[in-house]
Amino acid sequence: MSAEPPPDIAGNLAAVRRRIAEAAGAAGRAAADVTLVAVSKTHDSAAIAHALAAGQRVFGENRVQEAQTKYPELKARHRDLALHLIGPLQTNKVKDAVALFDAIETLDRQRLAEAVARELERQERRPALFVQVNTGEEPQKAGVPPGEADAFIEDCRTRLGLGIAGLMCIPPVDDEPSLHFALLREIARRQGIAALSMGMSGDFALAIRFGATHVRVGTAIFGPRPAAVPNGRGA
Ligand SMILES: *Cc1c(COP(=O)(O)O)cnc(C)c1O
């Protein structure tokens, strides 16, 4: 016996899209300037198929291995599907990540950036690259500390020749997220970076007010995840 009815993924998606349009409108922005990244971690291919049927094409996963079990087949069937890596990336998985993902949102250290640069020379693939900033300076969380972000971005660009499309952050759970969104926006402004990936199920409307171009929404679309997989961790 299942305890809960299956989530209405198409209905949830419509509601999230409506809220994105409202938040964008309130900020004087176009809804089309905000990309909804549907975070499908822990959810199976059947759930993802419901989202695809409802027109969703951009998805996020936080583990390379889990994405490899679900997405190659879906990508073969939907050529316009775009997959974002939103979890920490180990250097030994860079080859697989570059092969599968269309965006890597979690560049956060020199050795990883070097490994990505090497892999881009070997593969024909050009995933969009985002630098993750640990805006809350939490020791357990991935991301470049804010004080080192400018130097890291400049090193990626000049020494490694990497184009940096965007910045990404995951605010501390107990903090006022707007402080973190504003900090990320300020670093992006200084560096001339266009994309800002910020905002999750609980705060994406606020993030859009602060200029988010990508919101990463899981629970509000697919329903609750098993408790064993905490936000923002994984390979
Ligand atoms: C899981 C996850 C999300 C989505 O979180 P929800 O609260 O379910 O919307 C967003 N960003 C990252 C990095 C995640 O790991």
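Here are some exercises on this predicted model, each with a worked solution.

The model is predicted, so local features need pLDDT of at least 70 and side-chain atom pairs count only at pLDDT 80 or more, while totals for chains, interfaces and linings use all residues. Residues are numbered from 1 along each chain as its sequence is written, and side-chain values use heavy atoms, with hydrogens and water left out.

**Exercise 1: cysteines**

Task: find how many disulfides the structure has, and explain why Cys156 and Cys169 do or don't form a bond.

Solution:
- Start with the cut-off: a disulfide is a pair of cysteine sulfur atoms within 2.5 Å.
- Now search the whole structure, and you get 0 disulfides.
- Take Cys156: its closest cysteine sulfur is in Cys169, 17 Å away, so that's too far for a bond.
- Then check burial, where buried means under 20% relative accessible area, exposed means over 50%, and partly exposed is in between (1.4 Å probe, protein chains only).
- Cys156 has a relative accessible area of 0%, so it is buried.
- Cys169 is buried too, with a relative accessible area of 0%.

**Exercise 2: helices α2 and α3**

Task: work out how α2 and α3 cross, and which residues meet there.

Solution:
- First, what do we need? Two packed helices are described by the angle between their axes and the distance between the axes.
- Helices (H or I, at least four residues) and strands (E, at least two) are DSSP runs, numbered from the N terminus.
- Axes are lines fitted to C-alpha atoms, for helices over the stretch in contact, and angles run from 0 to 180 degrees between N-to-C directions.
- Helix α2 covers residues 45-53 and helix α3 covers residues 64-77; their axes come within 10 Å and cross at roughly 35°.
- The α2 and α3 crossing is right-handed, where right-handed means that the near helix is turned clockwise from the far one by less than a right angle, and left-handed means anticlockwise.
- For contact, look for heavy atoms within 4.5 Å. On the α2 side you'll find Ser45, Ile48 and Leu52, and they meet Lys70, Tyr71 and Leu74 of α3.
- Sort them by class: this contact has 4 nonpolar, 1 polar and 1 charged residues. Here Ala, Val, Leu, Ile, Met, Phe, Trp, Tyr, Cys and Pro count as nonpolar, Asp, Glu, Lys and Arg as charged, and the others, Gly among them, as polar.

**Exercise 3: helices α6 and α7**

Task: describe the packing of α6 and α7 in the same way.

Solution:
- The axes of α6 and α7 are 11 Å apart, at an angle of about 35°.
- Their crossing is right-handed.
- From α6, the contact uses Pro146, Ala149, Asp150, Ile153, Glu154 and Arg157, and from α7 it uses Leu183, Ile187, Arg190 and Gln191.
- That gives 5 nonpolar, 1 polar and 4 charged residues.

**Exercise 4: strand β5**

Task: say which way β4 and β5 run, and why β5 counts as largely enclosed.

Solution:
- Two strands pair if DSSP finds at least two bridges between them.
- β4 (residues 103-107) is joined to β5 by 3 bridges, and the two strands run parallel.
- One bridge to locate is that of Ile104, whose partner in β5 is Leu129.
- β5 spans residues 128-132, and 4 of its 5 residues are buried, so the rest of the structure largely encloses this strand.

**Exercise 5: Lys75 and Pro172**

Task: decide whether Lys75 and Pro172 are buried or exposed, and list what each touches.

Solution:
- Lys75 sits in helix α3, and its relative accessible area is 16%, so it is buried.
- Leaving out residues up to four places away in sequence, Lys75 touches Leu81, Leu100, Asp102 and Arg125.
- Pro172 is in the loop between β6 (166-168) and α7 (177-191). With a relative accessible area of 11%, Pro172 is buried.
- With residues up to four places away again left out, Pro172 touches Gly136, Glu138, Lys141 and His180.

**Exercise 6: positive phi**

Task: find where Thr42 and Glu137 lie, and note their phi values.

Solution:
- Background first: most residues other than glycine have a negative phi.
- Thr42 isn't a glycine, yet its phi is positive, about 75°. Thr42 is in the loop between β1 (35-39) and α2, and at 27% relative accessibility it is partly exposed.
- Glu137 also has a positive phi, near 50°. You'll find Glu137 in the loop between β5 and α6 (146-158), exposed at 55% relative accessibility.
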